Amino acid sequence: MAKKIAWLIPLVTYSHFIYAQFYTHRYEAGIGAGTFVYQGDLTPSDAGSYQTIAPNIGFFAARILNRSFSVRANFTFGKLKGDDARYEKPEYRRQRNFNFSTPVTELSGALVWNILAKNAREQPTGFSPYVFAGAGVSLLHISRSWSNYNAEYFNSESVSAGLAADIAHRTPGAAIILPAGVGLKYALTPTISLAAETGYRFMFTDYLDGFSQGANPNKKDSYHSHSIGLVFSLGYKDRYDCPPVSKR
């Protein structure tokens, strides 16, 4: 019996050492760059105005909750642009000739679901798809122009009357957004991953581009983004909250 106990002591000690030293990541931080794509009255495409894409740069910090979920705070700065004159068809767009631009400072928070439950893994490998959704605000400074509007081209006065109403309407300095999207991470090292992401911003205004009644008052404006960047895993933590084992 004494010999059996003697064999068990080092085995139990070694198992405890492995158990106590099983660390995982607690936080993530990242940086990325990409494009903003305007989607509204000044583009005929449902996919948005890829003729007037503008760059953005973003940063985020995340708290990992478990293997599947994390919460994330985002800061993104970029620009949005739209221009009727960039489209030959339909013909009226070059006659209407509305255009706008605005810098965008975006602050948001989101819940992120790691589909394959690869959060907080000590040795992450391969691809890791995720989806996210949240809420935030976009700070805007909209500059709009109708200086080349051809009033004689339009038979009815509806566009001209709508333009007059738009000119009298104050453009928003901030807009509530509901961001949602998908992403894909690839682990380069145990602490660094490459990430690609696409996100859509649901909005509640038709004046992101500065025009509504003179364009399409029945549809809200919006925008989306595409980006690529690096994710850094930080803050090791013992998954089982065991005290660290001191070496003797």
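Visitor: How many cavities of 30 Å³ or more does the structure hold?
Guide: This is a predicted model, and what follows is computed from it. A probe the size of a water molecule, rolled over the atoms, shows where empty space is left. With 30 Å³ as the cut-off, the structure holds two cavities.

Visitor: How much space lies in the largest cavity?
Guide: The lining of the largest cavity is made of 36 residues. The space in the largest cavity comes to about 520 Å³.

Visitor: Which residues are closest to the centre of the largest cavity?
Guide: The lining draws on many strands. E1, E2, E3, E4, E5, E7, E8 and E9 each supply at least two residues. Of the 36 lining residues, those closest to the centre are Phe60, Arg72, Asn74, Glu197 and Ser227.

Visitor: How do the residues of that lining divide into nonpolar, polar and charged?
Guide: Lys, Arg, Asp and Glu count as charged, and Gly counts as polar. On that basis, the lining of the largest cavity divides into 16 nonpolar, 14 polar and six charged residues.

Visitor: Two residues close to that centre are Arg72 and Glu197. What is the N to O distance in their salt bridge?
Guide: Arg72 is in strand E3 and Glu197 in strand E8, 125 residues apart, so the pair links distant parts of the chain. Both residues are buried. Their side chains meet in a salt bridge with an N to O distance of 3.1 Å.

Visitor: How many salt bridges are there in the count?
Guide: A pair counts when a side-chain nitrogen of Lys or Arg is within 4 Å of a carboxyl oxygen of Asp or Glu. The Arg72 and Glu197 pair is a salt bridge at 3.1 Å. By this rule the count comes to six.

Visitor: Which residue forms a salt bridge with Lys185?
Guide: Lys185 lies in strand E7, and its partner lies in strand E1, so the pair ties together parts that are 157 residues apart in sequence. Both residues are buried. The closest N and O atoms are 2.8 Å apart, and the partner is Glu28.

Visitor: Is Asp84 buried or exposed?
Guide: Asp84 sits in the loop between E3 and H2, twelve residues from Arg96 in helix H2. The side chains of Arg96 and Asp84 meet in a salt bridge at 2.7 Å, N to O. Arg96 has a relative accessible area of 4%. Asp84 has 0%, and because buried means under 20%, Asp84 is buried.

Visitor: Which residues are linked with Asp84 in a network of salt bridges?
Guide: One partner is the Arg of the 2.7 Å pair, Arg96. The network also takes in a second Arg. The residues linked with Asp84 are Arg93 and Arg96.

Visitor: Which residues make up the covered face of E2?
Guide: In a regular strand, side chains alternate between the two faces of the sheet. The uncovered face of E2 has Pro55, Ile57, Phe59, Ala61 and Arg63. The covered face has Ala54, Asn56, Gly58, Phe60, Ala62 and Ile64.

Visitor: How many bridges join E2 to E3?
Guide: A hairpin connects E2 to E3 through four residues. Ile64 stands opposite Ser70 in E3. The two strands run antiparallel, and the bridges joining them number nine.

Visitor: Where is the largest pocket, in terms of the residues nearest its centre?
Guide: The largest pocket has a volume of about 240 Å³. Helix H2 gives the largest share of its lining, three residues. The lining divides into four nonpolar, six polar and seven charged residues. Of the 17 lining residues, those nearest the centre are Gly40, Asp41, Thr43, Asn216 and Lys219.

Visitor: What is the relative accessible area of Trp113?
Guide: Trp113 lies in strand E4. Beyond its neighbours within four places in sequence, Trp113 is in contact with Ser68, Phe69, Pro129, Tyr130 and Val131. Trp113 is partly exposed, and its relative accessible area is 38%.

Visitor: How far apart in space are Ala164 and Gly214, C-alpha to C-alpha?
Guide: Ala164 lies in helix H3. At 46% relative accessibility, Ala164 counts as partly exposed. Ala164 and Gly214 are 50 residues apart in sequence, and in space their C-alpha separation is 7.8 Å.

Conventions. Residues are numbered from 1 along each chain as its sequence is written. This is a predicted model: local features need pLDDT of at least 70, side-chain atom pairs count only at pLDDT 80 or more; totals for chains, interfaces and linings use all residues. Side-chain values use heavy atoms; hydrogens and water are left out. Buried means under 20% relative accessible area, exposed over 50%, partly exposed in between (1.4 Å probe, protein chains only). On a 1 Å grid over the protein atoms alone, a cavity is a set of points where a 1.4 Å probe fits but cannot get out, and a pocket is an open set with protein on both sides within 12 Å along at least five of seven lines; lining residues have an atom within 4 Å of a point. Grid points are joined across faces, edges and corners, and a volume is the space filled by probe spheres set on the points. Two strands pair if DSSP finds at least two bridges between them. Contact means heavy atoms within 4.5 Å.
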